[in-house]
Structure formats: structure tokens, C-alpha cells
Amino acid sequence: MQRYSFATIVTVNNGVPAATHLPFLITQKDDKIILSSHFAKANPQWEDIANCSPLVIFTEPHAYISPKHYEQVNSVPTWNYIAIHAYGKAALIESVEQKIALLAQTIQFYEAEYLKQWAGLPDDYKLNMMKGIVGFEIVVDDLQAKKKLSQNKTAKERESIIAELINKPDSNEKEIAAYMGGLK
């Protein structure tokens, strides 16, 4: 989740799902996993977050798997992937101090070099920018790992898939090969 921290948050309002793609900070406090991020205030999804059990979906790495690796001719392509589904209870981050801390932590995680520039920006500019966001934290109470790594294939088929993926230029494909080979 920390490595692939750009995730999709899903909420439901009156039976209608809404999704937004956001960068998340993943921290641990005591024995709890906390997911933190912020919405643009113009995004109405923030209004629903505290009234439902949001789902945050982390999806990466993934790779297309060709049927050319299978011993059976009657085969179809598929996709190998790793995903984490995190459910929990959300709370809004409303105080200016908490928003400042959230933004500083986000900058530190994604681009620490920018902290100096951020610190040098006028306070009124930063406060005005913060008026346009709604921060939140989700305390995770259910964490589900999902994976499909050709575990239903023969050793020979898996070796063939790994051999091809490990030589692909795409890092997702290389990572799936490493997970398939037990190197991750």
C-alpha cells in the first residue's frame, strides 16, 4: 500500500457509488492502520465519507498474461495482479493545524525537496489553498489482500510466464514476475 499509494476511494450515498483517485499516506498508530488523504472541496464525495464505510483500493502491480504460455491450446488471455482492499471508519480533518500537518506529511512522502519551497510560501496563500481541500483519515478495520499470480497454472507454465515478464521493459511486469517467483 505504501509503495503503490495512489488508490481509489469508493463511497456510497443512497445506493449510488462514487469513486475518486487520490494519493494516500499509510501510517500505523498502535495496532491500527491509518489512511490519510484529502479531497478537493469541490468534489462532493467528501460529504459522504463519514456516513459510510469507505473502501480504498490499492492496485499495482499488474500484467497481461498471454495464453501462449499455456500447455493447453484451448486457453484465453488473463491478467495477473495484486490488490489491497481497505475498509474502515472515516473522520474529517477540520482544524487548520491538522491540515497543515497532513500536507507537510504528504509533501515529505511524495517530494521532500518541495518542503523548503512550501515552507517559504506566504501563510495567507497556504491558508487560502487549504480552504479548497477537505482532509480525512480512515482507521482501517478490514484489510483484504487479493492476488492472481497464475497460481492455478503448472510449474512449467509459470516459469514460461516469469521468463517473459522479467525481460519486459515495464516495471509492473517485472514486479509481477518477481512476486510469481517468490522474490518479493
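Let me start with F136, in what is a predicted model. Leaving out residues up to four places away in sequence, F136 touches I9, L22, F24, L35, S36, S37, H38, F39, I49, A91, L92 and I93. F136 also belongs to the largest nonpolar core, which has 18 residues. Within that core, the residues that touch the most other members are I9, F24, L35, V56, F58, F136 and I138.

Where does this core come from? Two or more residues each are given by strand 1 (6–13), strand 4 (32–40), strand 5 (55–65), strand 6 (78–93) and strand 7 (133–148). Strand 7 gives the most, with 4 residues. As a general remark, nonpolar side chains in soluble globular proteins tend to be buried together. There is another core apart from this one, made of 10 residues, including A63, Y70, I82 and A177. Two of those names, A63 and A177, will come up again.

Now the sheet. The sheet is open, has 7 strands, and pairs them antiparallel in the order 2-1-5-6-7-4-3. Its edges are strand 2 (16–23) and strand 3 (25–29), each of which pairs on one side only. From one strand to the next, the twist averages 35 degrees.

I will take the pairings around strand 7. Strand 4 and strand 7 run antiparallel and are joined by 7 bridges. One residue to look at there is L35, whose bridge partner in strand 7 is I138. Both L35 and I138 are on the list of core residues that touch the most other members. Strand 6 also pairs with strand 7 in the antiparallel sense, over 13 bridges. In strand 7, E137 stands opposite A91, and A91 is also one of the residues F136 touches.

Further along the sheet, 9 bridges join strand 5 to strand 6, again antiparallel. Here A63 has N80 in strand 6 as its bridge partner. Helix 5 packs on the sheet and touches strand 5 and strand 6, with its direction at about 90 degrees to that of strand 5.

That brings me to the helices. How do helix 4 and helix 5 pack? Helix 4 (residues 155–165) and helix 5 (residues 171–180) make an angle of about 145 degrees, and their axes are 8 Å apart. The crossing is left-handed. On the helix 4 side the contact has R158, I161, I162 and L165, and these meet E173, K174, I176, A177 and M180 in helix 5. By type, the contact has 6 nonpolar residues, 3 charged and no polar ones.

The loop between helix 4 and helix 5 holds I166. Is I166 buried or partly exposed? I166 counts as partly exposed, because its relative accessibility is 36%, and buried would require under 20%. Apart from neighbours within four places in sequence, I166 is in contact with K174 and A177. Both of those helix 5 residues are also in the contact with helix 4. From L55, I166 is 111 residues away in sequence and 32 Å away in space, C-alpha to C-alpha.

Last, for comparison, T106. T106 lies in helix 1 (residues 96–111). T106 counts as buried because its relative accessibility is 15%, against a cut-off of under 20%. Not counting residues up to four places away in sequence, T106 touches L25 and E111.

How values were computed:
Residues numbered from 1 in each chain as written. Predicted model: local features only at pLDDT ≥ 70, side-chain atom pairs only at ≥ 80, totals over all residues. Heavy atoms only, no water. Core = buried A, V, L, I, M, F, W, Y, C linked by side-chain atoms within 4.5 Å. Buried < 20%, exposed > 50% of the residue type's maximum accessible area, 1.4 Å probe, protein only. Contact = heavy atoms within 4.5 Å. Axes fitted to C-alpha atoms, helices over the stretch in contact; angles between N-to-C directions. Left-handed = near helix turned anticlockwise from the far one by under 90°. Nonpolar A, V, L, I, M, F, W, Y, C, P; charged D, E, K, R; others polar. Pairing = 2+ DSSP bridges.
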